[in-house]
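Me: I would like to go through this model by question and answer. Please keep the replies brisk.

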Amino acid sequence: MGGTMDGTKRQRRGDTRQRIQDVALELFSEQGYEKTSLREIAEHLDVTKAALYYHFKTKEDILISLFQDLSRPMDELIEWGRQQPRTLATKQEILHRYSEALADAAPLFRFMQENQATVRELRTGEDFKDRMIRMIDLLKEPDADLKDQVRCISALFSMHAGMFVLKDVEGDPEDKRKAVLEVAIDLVTQAHGGATAP
């Protein structure tokens, strides 16, 4: 059946809301959130400002919607993790799933890294921090000693850091994602082993 799939990031259906988000994020990342206007976003999309307004009233609305799109898979993952037995296999599966969610949200994560002050000012930045704390709680044992807590925190942060630091390193993006995931799993596995049996 027709319909070309270009190899670039799974071309999402031509829905306007999605296109606005993609273009806005591109502009926010290239020239900074503060310097980007709704008018510019509309011009890049070749739509009227009114058409843009139909979906989003402000730049902040666009940014919040992007965070919500990242938050949804995280919330589902946290909810799933809470219902599983606290085994090493569960923790490894959480890391696998999180790795995929991060890969899907790579442009947003880059934006967050490059615009930390903006993100901090938005309520969404706080919400994201809360989610990170809940993720760490799923990975570490309740009675984990300090070193094992640090290992679990480092596992998540190495996954985040890997997205920025490794983008300038030669190699296939999927190989890089797997390498970062393997290191995160090693850290959590070590921390899990360090927990004292009840």
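**Rings, charges and helices**

Me: In this predicted model, which residue lies over the face of W80?
Reply: The distance to the ring centre of W80 is 4.0 Å. A charge counts as over a ring when NZ of Lys or CZ of Arg is within 6 Å of the centre and within 35 degrees of the normal. The residue over the face of W80 is R97.

Me: Which charged residue sits over the ring of Y33?
Reply: Its charged end is 4.5 Å from the ring centre of Y33. The residue is K59.

Me: How many aromatic pairs are there?
Reply: Ring centres must lie within 6.5 Å to pair. By this rule the number of aromatic pairs is 3.

Me: Why is the pair of F28 and Y33 classed as it is?
Reply: The ring centres are 4.9 Å apart and the planes meet at 70°. Planes over 60 degrees apart count as edge-to-face. So the pair of F28 and Y33 is edge-to-face.

Me: Is F28 buried or exposed?
Reply: The relative accessibility of F28 is 0%. Buried means under 20%. F28 therefore counts as buried.

Me: What kind of aromatic pair do F28 and F111 form?
Reply: The distance is 5.9 Å centre to centre, with 45° between the planes. Under 30 degrees would be stacked and over 60 edge-to-face. The pair of F28 and F111 is tilted.

Me: How many residues apart in sequence are the parts that the pair of F28 and F111 ties together?
Reply: F28 lies in helix α1, residues 16-31. F111 lies in helix α6, residues 106-114. So the pair ties together parts whose separation in sequence is 83 residues.

Me: Which residues form one aromatic cluster?
Reply: Y33 is buried at 7% relative accessibility. F28 and F111 are buried too. The cluster is made of F28, Y33 and F111.

Me: What span is expected for helix α5?
Reply: Helix α5 covers residues 88-104 and has 17 residues. Its first and last C-alpha atoms are 25 Å apart. That is close to the expected value, which at 1.5 Å a residue is 24 Å.

Me: Which residues of α5 are buried?
Reply: Buried means under 20% relative accessible area. In α5 the buried residues are T90, K91, I94, L95, Y98, S99, A101 and L102.

Me: Is K140 buried or exposed, and which residues does K140 contact?
Reply: K140 is in the loop between α8 (123-139) and α9 (146-165). At 16% relative accessibility, K140 counts as buried. Leaving aside neighbours within four places in sequence, the contacts of K140 are R86, K91, Q149 and C152.

Me: What separates the C-alpha atoms of L70 and F128?
Reply: L70 is in helix α4, residues 59-82, and counts as buried at 5% relative accessibility. Not counting residues up to four places away, L70 touches A105, L108, F109 and F128. L70 and F128 are 58 residues apart along the chain, and their C-alpha atoms are separated by 9.5 Å.

Me: Where does UniProt place the feature "DNA-binding region"?
Reply: The record is an unreviewed entry. In the model the span is 75% helix and 0% strand, with its end C-alpha atoms 13 Å apart. UniProt places the feature at residues 37-56.

Me: How many helices and strands does the protein chain have?
Reply: Of the 198 residues, 39% count as buried. Among contacts between residues at least 6 apart in sequence, 70% join residues at least 24 apart. The secondary structure comes to 10 helices and 0 strands.

Technical notes. Residues are numbered from 1 along each chain as its sequence is written. This is a predicted model: local features need pLDDT of at least 70, side-chain atom pairs count only at pLDDT 80 or more; totals for chains, interfaces and linings use all residues. Side-chain values use heavy atoms; hydrogens and water are left out. Rings of Phe, Tyr and Trp (its six-membered ring) pair if their centres lie within 6.5 Å; planes under 30 degrees apart count as stacked, over 60 as edge-to-face and the rest as tilted. Buried means under 20% relative accessible area, exposed over 50%, partly exposed in between (1.4 Å probe, protein chains only). Helices (H or I, at least four residues) and strands (E, at least two) are DSSP runs, numbered from the N terminus. The expected span of a helix is 1.5 Å times one less than its number of residues. UniProt positions are given in the numbering used here, feature names are shortened, and annotations may be inferred rather than shown by experiment. Contact means heavy atoms within 4.5 Å.
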